[in-house]
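Biologist: Before we talk, please put the model on the screen. I have some questions about how its parts meet.

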Amino acid sequence: MTRRAREALLGYALLVPSAIVFAWFFFYPLYRLFVMGLHQQNRTGTAERWVGWSHFGDVLGGEQFREGVRITGTYVLYTVPLGLVLGVLLAVAANRRLKGIKVFQMIFSSTIASSVAVASVIFVVLLNPQIGYFASVKMFSLSDPDTALRGVALSSVWQNLGLTFVIVLAGLQAVPDEVDEAATLDGYGPVRRFFRVTLPLISPTLMFLAVVLVIFALQAFAQADILTQGGPLGSTETLVWKIFNSQQPVDQGTGAVMAIGLFGITLVVSLAQFLILDRRVHYGN
Amino acid sequence: MSEVAFDGVTKRFGDVTAVDQLTLSIRDGEFMVLLGPSGCGKTTALRMVAGLETVTEGTLRIGDRVVNDVEAKDRDVAMVFQSYALYPHVTVAKNIESPLVARRFDTGDGSPRKLTSAERAERVTEAAAALGLTDLLGRKPAALSGGQRQRVALARAMVARPAAFLMDEPLSNLDAKLRAQTRIELVELHERLATTFVYVTHDQVEAMTMADRIAVLSDGRLQQVGPPQAVYDRPHNLFVARFIGSPPMNTVPGTVVRSEGATSVRLGGQSIEVEGLAAEPLADGTEVIIGVRPEDLVVDAAGQVEAEVRAVEWLGHERLVVCDLAGHQITIRQAAGDDPVATGDVLPLTADPAKVHLFDPDTTERLN
């Protein structure tokens with residue numbers, strides 16, 4: 001065996017353990033999802049009947065899935081831009097050399113330590129129409145089908161803010177002081193410095209966050225389930241909520257097809273983000 | 001007028017005094033090097049001129065204007081940073097143009113105004129041509145070599161035609177060969193622009209080769225100002241004596257001996273003559289520190305002191321002979337062609353009395 005072949009063999013051998021784990025926990029479930037999508041199950045899921053590829057067309061073209069996509073898309077629009085802007089604002093505010101700034105940094109990042117469930121419970125109370133602190137803020141009311149999704153989005157923005165803050169702060173701290181000082185000497189005021197120098201330099205960080213936050217939003221489930229149980233009038237039934245609940249009494253196959261649909265959407269959106277943003281993102285040297 | 005004058009300038013960061021009562025006048029068009037080890041306050045002094053640090057006490061003038069409270073952008077100075085601080089996300093052309101975009105310039109008609117894009121483009125072309133960057137204008141900094149980035153930083157400093165150039169160790173990121181080349185180019189640039197340069201470095205070679213005058217700083221205090229050769233020849237105190245020169249000046253403690261008709265300094269059991277010492281009011285028995293540069297020590301059969309060779313370092317064109325003199329390590333610099341010496345030899349040494357320096361061991365000030 002040549003040296004080259006031996007090295008290649010060793011390389012593949014070293015990949016085997018992770019390939020096994022990946023196959024077990026990712027490729028096999030994905031394959032099973034396809035198989036489920038091609039069948040119709042009985043109530044207990046113990047027997048299935050072949051229904052074929054037309055099932056995909058029926059479900060992905062159907063009213064339920066389209067409604068789920070619309071709600072989830074709206075949810076992305078509510079959570080991602082607002083979350084990013086708030087995260088950047090907080091990080092810029094906290095990125096100074098001041099006495100006690102660590103306390104603020106800790107407070108701003110504290111939501112990292114809370115789970116979706118905790119955040120949702122907090123917002124159930126905050127938005128409660130009788131006793132809630134925000135009961136009078138009608139634009140986030142959970143009992144109105146027109147505004148309930150915003151209420152759910154608000155809890156999600158709050159919950160992700162800690163993560164966004166920490167990552168943006170790290171990005172800001174990686175911007176060399178000297179570049180900012182050069183801009184000061186060049187006569188740029190604080191606002192111009194931020195938009196012309198700081199923002200381009202942290203754009204890789206922001207791109208990463210945008211991708212992560214979009215994926216979080218596409219996968220939103222627990223917020224909707226805890227805050228509104230998908231209601232009122234199905235106005236907060238996100239895709240994952242529909243996928244989960246479609247399995248509940250009967251139709252695992254429908255849920256499986258929707259899950260594959262969501263997988264496809266996530267894949268396409270992430271790829272598109274990388275392709276579009278990559279060209280506009282400035283990596284330093 | 002682009003004189004830069006520190007008058008009793010102090011900068012404190014909390015309890016730390018970075019610059020202590022600095023009084024230094026940098027003349028219009030002068031190439032002034034602020035030299036000192038890291039932490040000596042040289043960069044802080046420069047940053048105060050730039051307006052990136054405030055002045056705690058004292059007054060700082062640029063030209064005839066006190067600039068203590070003038071914003072950085074209104075000081076009419078340009079700075080070249082150690083890391084160059086180029087904007088990585090825009091082209092070389094945009095980098096060079098950047099000081100022209102936001103500021104107002106007096107173009108001769110009295111009232112300052114913003115430059116038109118045509119005027120800016122003209123200045124960018126001019127600065128790029130002066131530094132050989134014309135072909136690189138469309139590139140981004142990441143696609144440039146270290147030397148090219150450094151020239152972009154210089155072009156960006158030049159383009160606004162500032163009253164003073166401030167440079168913070170601009171050569172420290174270049175390799176040795178490029179550094180030597182750039183030293184020459186900076187001196188030429190200084191002559192061509194005829195503008196005040198304030199240049200911060202810890203590298204005495206840069207200071208010696210480029211400066212009109214050197215200001216040596218230590219612990220935030222000015223130690224000595226003067227032309228490079230003068231600072232080298234007559235250091236005002238032990239710090240300057242030991243900091244400037246490579247290898248550094250030999251310094252050995254000794255005692256003044258005054259006897260009838262002769263004054264000398266005794267080191268261990270030996271003594272050495274010092275010019276002008278007789279005229280100094282130094283009593284017999286005064287403790288001093290004697291300093292002689294390695295190249296001023298000469299092996300001579302009639303030598304007054306003897307030192308034992310511990311090591312010989314060959315450097316091609318010269319050699320450094322490390323010796324033990326009365327328990328102290330000294331270095332002698334010799335030409336490669338001098339008589340060979342070997343470890344263990346005992347060398348009789350002499351020095352021109354005019355080139356022997358005496359320092360007070362307590363105040364570290366020069367005595368002769």
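Modeller: Start with the two domains of chain A: the C-alpha centres of domain 1 of chain A and domain 2 of chain A lie 33 Å apart. This is a predicted model, where local features need pLDDT of at least 70, side-chain atom pairs count only at pLDDT 80 or more, and totals for chains, interfaces and linings use all residues. Residues are numbered from 1 along each chain as its sequence is written, chains are lettered from A and ligands numbered from 1 in the order in which they are written, and side-chain values use heavy atoms, with hydrogens and water left out.

Biologist: Which residues belong to domain 1 and domain 2 of chain A?

Modeller: The bounds come from an automatic or database domain assignment. That assignment splits chain A into domain 1 (3-37) and domain 2 (67-280).

Biologist: How many residues does each domain of chain A bring to the contact?

Modeller: Contact means heavy atoms within 4.5 Å. By that rule, domain 1 of chain A gives five residues and domain 2 of chain A gives seven residues.

Biologist: Which residues in domain 1 of chain A lose the most area to domain 2 of chain A?

Modeller: Buried area is the accessible area (1.4 Å probe) that two parts lose on being put together, summed over both. Here the two domains bury about 530 Å² between them, 87% of it on carbon and sulfur atoms. On the domain 1 side, 69% of the buried area comes from three residues that lose the most: A:L33, A:M36 and A:G37.

Biologist: How many salt bridges cross between domain 1 and domain 2 of chain A?

Modeller: A salt bridge needs a side-chain nitrogen of Lys or Arg within 4 Å of a carboxyl oxygen of Asp or Glu. Across this interface of chain A, the rule finds zero.

Biologist: What is the make-up of the domain 1 side of that contact in chain A?

Modeller: Polar contacts come first: a pair of N or O atoms within 3.5 Å, where within protein one must be able to donate a hydrogen and the other to accept it, and residues adjacent in sequence count only if both atoms are side-chain atoms. Between the two domains of chain A, the count is zero residue pairs (both at pLDDT 80 or more). For the classes, Ala, Val, Leu, Ile, Met, Phe, Trp, Tyr, Cys and Pro count as nonpolar, Asp, Glu, Lys and Arg as charged, and the others, Gly among them, as polar. The domain 1 side that touches domain 2 of chain A has four nonpolar, one polar and no charged.

Biologist: Now the two chains. Which three residues supply the most of the area that chain B buries against chain A?

Modeller: In this interface, 26 residues of chain B are in contact with 18 residues of chain A. The buried area is about 1800 Å², and carbon and sulfur atoms give 60% of it. More than any other three residues, a trio supplies 31% of the chain B share: B:Y87, B:P88 and B:H89.

Biologist: Which side chains meet in a salt bridge between chain B and chain A?

Modeller: The rule finds one salt bridge across this interface. Its N to O distance is 2.7 Å, and the partners are B:R47 and A:E181.

Biologist: Which element gives the largest share of the chain B side?

Modeller: Between the chains, six residue pairs are in polar contact (both at pLDDT 80 or more). Helices (H or I, at least four residues) and strands (E, at least two) are DSSP runs, numbered from the N terminus. At least two residues each come from α1 (42-50), α2 (92-101) and α4 (146-158) of chain B. The largest share, three residues, comes from α2(B).

Biologist: Within chain B, which helix gives the most to the side of domain 1 that touches domain 2?

Modeller: Chain B is divided into domain 1 (4-242) and domain 2 (247-359). The contact takes eight residues from domain 1 of chain B and eight residues from domain 2 of chain B. Between these domains there are zero salt bridges, but three residue pairs are in polar contact (both at pLDDT 80 or more). On the domain 1 side, the helix that gives the most, with three residues, is α8(B).
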